[in-house]
Amino acid sequence: MKKLITIIGAGPGISQGVAEKFGSEGFKIALIARTEEKLQQQVMDLAKNGIDATYAIANVGNEESLKNALLQIKEKEGHAEVILYNAAAVSVMDILDQSWETIKNEMDINVGGYFNLMKMVVPFCLKENKGKLFVTNGGFALGGDDQWTSLSVGKAALRNLVQAFQKKTLGTNVHVAQLTVCGFVNPEDEKYSPKAIAEQYWKLYNQTEGNFEGEIIY
């Protein structure tokens, strides 16, 4: 049976790059996102490159919805060797026009989905003493922004939460890591193309206990 990577927050960009990279290395890909049509298209696009993929639908900001999607994949494909949380909600607006309600709602995806995911999977990973649990973070985690406020607040909280789960798994073979991407994803950009970013996740995947990086600031 092929190794499995589950990508939460599937779509074009980073998740597609990761799916193509891990798929080319023999992994089966499981995709989770909100829109079935887009998931079906991504599965078909991967199939054209000889990559085996499946999907489950979820609103990742909703705990039950995410749990059901993960269970669907587990029942069909078994436990994932790698899980990537790549979901994000974005609203670009001047900070003086932004509402706290929007920030709170987007935190459910930017932070809450990751929190709920880890609460679900970390106990199993600790019991089995294995698991690669990765998350995409961004440069806004390192400093606030008056236009991307909801995202920068969410990413800062996410970075802190990842560090908390790293303390929980310290000294085990469970690798919790974040890739903090300090640029805008662009297929034409040599550094920030989905393909180049995916190579960083492949680097994390191949790290062994005692040599785990907790964060790559890229």
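This passage describes the sheet, the helices and the nonpolar cores of a predicted model.

The strands form an open sheet of 7 members. Their order is β3-β2-β1-β4-β5-β6-β7, and the pairing is parallel. The edges are held by β3 and β7 (215-217). Each of these has a single partner strand, so one side of each is left without a neighbour in the sheet. From one strand to the next, the twist averages 15°.

Strand β2 (28-33) has partners on both sides in this order, β3 and β1. With β1, strand β2 pairs in the parallel sense over 5 bridges. Here Leu4 is matched with Lys28 of β2, and Ile5 is matched with Ile29. The chain passes from β1 through α1 to β2, and this β-α-β crossover is right-handed. With β3 (residues 53-57), strand β2 again pairs in the parallel sense, over 5 bridges. In that pairing, Ile29 has Ala53 of β3 as its bridge partner. A right-handed β-α-β unit is made by β2, α2 and β3.

How much of β2 is buried? The count is 6 of its 6 residues, so the strand is largely enclosed by the rest of the structure. Both of its faces are covered. Lys28, Ala30 and Ile32 are buried on one side. Ile29, Leu31 and Ala33 are buried on the other.

Helices lie against the sheet. Helix α3 (residues 63-77) lies across β1, β2 and β3, and runs at about 150° to β3. Helix α5 (residues 149-168) packs on the sheet and touches β5 (132-138), β6 and β7. The direction of α5 makes about 155° with that of β6.

The largest nonpolar core has 32 residues. Val18, Phe22, Ile29 and Tyr201 have the most contacts inside this core. Several elements each supply at least two of its residues, including the strands β1 (4-8), β4 (82-85) and β6 (175-181). The helices α1 (14-24), α2 (36-48) and α6 (194-205) do so as well. The largest share, 7 residues, comes from α6.

Tyr201 shows how distant parts of the sequence meet. Leaving aside neighbours within four places in sequence, Tyr201 is in contact with Ile14, Val18 and Phe22, among others. Its further contacts include Leu84, Phe134, Val135, Thr136 and Leu179. Apart from the largest core lies another, of 31 residues. Among its members are Leu4, Val60, Leu70 and Ala87.

Definitions and conventions: Residues are numbered from 1 along each chain as its sequence is written. This is a predicted model: local features need pLDDT of at least 70, side-chain atom pairs count only at pLDDT 80 or more; totals for chains, interfaces and linings use all residues. Side-chain values use heavy atoms; hydrogens and water are left out. A nonpolar core is a set of buried Ala, Val, Leu, Ile, Met, Phe, Trp, Tyr and Cys residues joined through side-chain atoms within 4.5 Å. Buried means under 20% relative accessible area, exposed over 50%, partly exposed in between (1.4 Å probe, protein chains only). Helices (H or I, at least four residues) and strands (E, at least two) are DSSP runs, numbered from the N terminus. Contact means heavy atoms within 4.5 Å. Two strands pair if DSSP finds at least two bridges between them. A crossover is right-handed if, with the strands pointing away from the viewer, the path from the first strand over the helix to the second runs clockwise. Axes are lines fitted to C-alpha atoms, for helices over the stretch in contact, and angles run from 0 to 180 degrees between N-to-C directions.
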